[in-house]
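Please look over the sequence and the model below before reading on. The briefing that follows takes up a few topics in turn, beginning with a question.

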Amino acid sequence: MADYSQKDLPVRMNPDDLLRLDDGTTIRWESSGEAKDIMLNDDFMAACQLFPGNDFTVSAGGRDFRITTDFAEDILVEAI
């Protein structure tokens, strides 16, 4: 398990990794078949179910962050 911060972006995250943005928002994910359940903060309900080739934008601290995935067992989070 790795803990990342906003200064590490862009970052590829594995299922047990956690990303903490500067405003305290956390991003993590779990596998759901081919899809990835993207969870924000301490919520156990997915904010988004992300399928390969799609992206999801998280707005936090006045900035936007794009989450993308493919068929690999990771997600890419980058500032946009």
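With which residue does D74 form a salt bridge, and how far apart are the closest N and O atoms? In this predicted model, the partner of D74 is R12, and the closest N and O atoms of the two are 3.3 Å apart. D74 belongs to the loop between β8 and β9 while R12 belongs to strand β2, so the salt bridge ties together parts that are 62 residues apart in sequence.

**Salt bridges**

- Side chains of opposite charge can pair when their charged atoms come close.
- The count of salt bridges in this model comes to two.
- In the pair described above, D74 is buried, with a relative accessible area of 13%, whereas R12 is partly exposed, with a relative accessible area of 45%.
- The other pair is formed by E78 and R66, whose closest N and O atoms are 3.2 Å apart.
- This pair links distant parts of the chain, since E78 lies in strand β9 and R66 in strand β8, twelve residues apart.
- R66 counts as partly exposed, at 29% relative accessibility.

**The four-stranded sheet**

- Strands of a sheet pair through backbone hydrogen bonds, either parallel or antiparallel.
- Here four strands form an open sheet in the order β2-β9-β8-β7, and their pairing is antiparallel.
- The edge strands are β2, covering 11-13, and β7, each of which pairs on one side only.
- From one strand to the next, the twist averages 25 degrees.
- Strand β2 pairs with β9 (residues 75-79) in the antiparallel sense over three bridges, and within this pairing the bridge partner of R12 is L76 in β9.

**The hairpin of β7 and β8**

- Strand β7 and strand β8 (residues 63-69) are joined in the antiparallel sense over six bridges, and V58 stands opposite F65 in β8.
- Two residues lie between the strands of this hairpin, and G61 takes a positive phi near 60 degrees.
- Along β7, which spans residues 55-60, the side chains alternate, with F56, V58 and A60 buried and pointing to one face, while D55, T57 and S59 point to the other face and are not buried.

**Aromatic rings**

- A search of the whole structure for aromatic pairs finds zero of them.
- The ring of F44 nevertheless has a charged neighbour, as the charged end of R28 sits over this ring, 5.0 Å from its centre.

How values were computed
Residues are numbered from 1 along each chain as its sequence is written. This is a predicted model: local features need pLDDT of at least 70, side-chain atom pairs count only at pLDDT 80 or more; totals for chains, interfaces and linings use all residues. Side-chain values use heavy atoms; hydrogens and water are left out. Rings of Phe, Tyr and Trp (its six-membered ring) pair if their centres lie within 6.5 Å; planes under 30 degrees apart count as stacked, over 60 as edge-to-face and the rest as tilted. A charge sits over a ring if NZ of Lys or CZ of Arg is within 6 Å of the ring centre and within 35 degrees of the ring normal. Buried means under 20% relative accessible area, exposed over 50%, partly exposed in between (1.4 Å probe, protein chains only). Two strands pair if DSSP finds at least two bridges between them. Axes are lines fitted to C-alpha atoms, for helices over the stretch in contact, and angles run from 0 to 180 degrees between N-to-C directions. A salt bridge is a side-chain nitrogen of Lys or Arg within 4 Å of a carboxyl oxygen of Asp or Glu.
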